[in-house]
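Colleague: I am new to this structure and should be grateful for a guided reading of it. May we proceed by question and answer?

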Amino acid sequence: SIQKKLSKAFKNLKGQGKLSEKNIKDAVREVKMSLLEADVNYKVVKDFVERVKEKALGKEVLESLTPDQEFIRIVRDELIELMGGNEKPKLNISKRPGYIMLVGLQGSGKTTHAAKLAKYFKKQGKSPLLVAADTYRPAAIDQLVQLGESIGVPVFTGDRKNAVNIVKEAMDYAEKLLHDIVILDTAGRLHIDEEMMNELVEIKKLVEPDEILMVVDAMIGQDAVNSAKEFNDRLELDGFIVTKLDGDARGGVIISIRQITNKPIKFVGVGEKVDDLELFYPDRYASRILGMGDVLSLIEKVETEIDKEKAEEAANKFLEGKFDLNDFLEQIQQIRKLGPLSKILEMIPGIPKEGIDFNKGEEELKKIEAIINSMTKEERRKPRIINYSRKQRIAKGSGTTLQDINKLLKSYEQMKKMMKQVKKMKNKKSLFGKMP
Ligand code: GDP
Ligand code: MG
């Protein structure tokens, strides 16, 4: 990962107070490579690197950060800026009904995202109408009809022949039935051609949509940028939906598109299902493009809050199987210093956020803390001695129940078992996710 490479590039920099042309050279190269690999346009990368250099040079490194962290932070902030900074993603719908027109190449995800948007609005209590204006591929109409059925949103198909006519009729229909949002699914081609563009221009003139959004497949990389430019030149887009970000695509396309067209990314598609739609927030994707998850801010927190030596000591004890309830308590207290559990988990990539009851997690931690606090030093060191009468005493002292205590002891036992297995693992550093 770039983080590793950067750490390596900076290995000899510890103790130096400033970032300089010489000491950031390797790191700059790594950033450049990683952006190119993520499919960011070459010219965009070149300008970007210049700006990062300018910002980094002569920069004092904050005491709490190592030079590589300081550098990564500059890179990250610049990346966020490139993708639109802190602007909030939003649709500007002023008409009633409001019209959203989706355009883009064939296979980019227009039909799928028409349905996703419809569901998105329906959840907000709106009454959307889908319009099947892709007459180029008959199957596309059926696809939209099916999707509409699955989410309970009506689909207007008209005569299934002339896209412009279908849209015209759909406008009347939407007004009559009091729909407040109309989403137009239009025809794409494998490549841009005049016939398609003319049809889109005609529909645009007719509808004067509140939002014309181009749907772009993140997987197609550089080609996406060229077609985005062409669509934008012809249709004056309002923004983009970048799709298939659930796959391997690193999302550099997002930066390129934004830079070349200067139009915002409004949504991203993260899967084939109708719920796989997210509003686009630049900061979440900055780290993804660098291939380091959203881990940066966590690093900063951990570095300043957790006593490194204590963590290492705990890691060693853990490996030696000497990890007792005292250590357990200490770890919990360290974690709690970082802030609410929900915030901590948010910063770690790959953890599903649905289905976790953060309040409950918080409660659990508090309970565990209370229980261990009610134990004697000896009990913490040798949990084995905790018999029934001791449990009763601890329960009283901590305001918990016997079940709570049994649960804690059980999870401690499981942890010990896990330790035995971990001991066999060679790389002890991966255990506590040693920070660079
Ligand atoms: P259209 O030709 O532009 O209308 O594209 P479709 O909506 O028919 O989508 C083309 C293919 O891409 C379909 O198989 C979709 O299921 C798939 N697809 C669309 N959006 C996404 C996405 O965000 N993630 C993934 N993995 N697949 C997607
Ligand atoms: Mg389609």
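Modeller: Let us begin with a term: two residues are in contact if their C-beta atoms, placed from the backbone, lie within 7 Å. Please note also that this is a predicted model.

Colleague: Among contacts between residues at least 6 apart in sequence, what percentage join residues at least 24 apart?

Modeller: The chain has 436 residues, of which 36% count as buried, and it contains 19 helices and 8 strands. Of the chain's contacts between residues at least 6 apart in sequence, the share joining residues at least 24 apart is 75%.

Colleague: Which helix gives the most residues to the shell around ligand 1?

Modeller: The shell around ligand 1 comprises 19 residues, and the closest are Gly109, Lys110, Thr111, Thr112 and Gly269. By class, 2 of the shell residues are nonpolar, 12 are polar and 5 are charged. With 3 residues, spanning 110-123 in its own extent, the helix that gives the most is α5.

Colleague: From which domains does the largest nonpolar core draw at least three residues each?

Modeller: This core has 82 residues, and Leu130, Val131, Ile183, Leu184, Val216 and Val242 have the most contacts inside it. The domains that each supply at least three of its residues are domain 1 (2-82) and domain 2 (98-289).

Colleague: How many residues has the other core, which lies apart from it?

Modeller: That core includes Leu325, Phe328, Ile368 and Ile405. It lies apart from the largest core, and its number of residues is 9.

Colleague: Which residues does Val242 touch, not counting those up to four places away in sequence?

Modeller: Val242 is among the residues with the most contacts inside the largest nonpolar core. Beyond four places in sequence, its partners are Val216, Ala218, Val253, Ile254, Ile265 and Val268.

Note on methods
Residues are numbered from 1 along each chain as its sequence is written. Chains are lettered from A and ligands numbered from 1 in the order in which they are written. This is a predicted model: local features need pLDDT of at least 70, side-chain atom pairs count only at pLDDT 80 or more; totals for chains, interfaces and linings use all residues. Helices (H or I, at least four residues) and strands (E, at least two) are DSSP runs, numbered from the N terminus. A residue is buried if 20 or more other C-beta atoms lie within 10 Å of its own, exposed if 12 or fewer, and partly exposed in between; C-beta atoms are placed from the backbone. A residue is near a molecule or strand if its C-beta atom, placed from the backbone, lies within 6 Å of it. Ala, Val, Leu, Ile, Met, Phe, Trp, Tyr, Cys and Pro count as nonpolar, Asp, Glu, Lys and Arg as charged, and the others, Gly among them, as polar. A nonpolar core is a set of buried Ala, Val, Leu, Ile, Met, Phe, Trp, Tyr and Cys residues joined through C-beta atoms within 7 Å. Domain bounds come from an automatic or database domain assignment.
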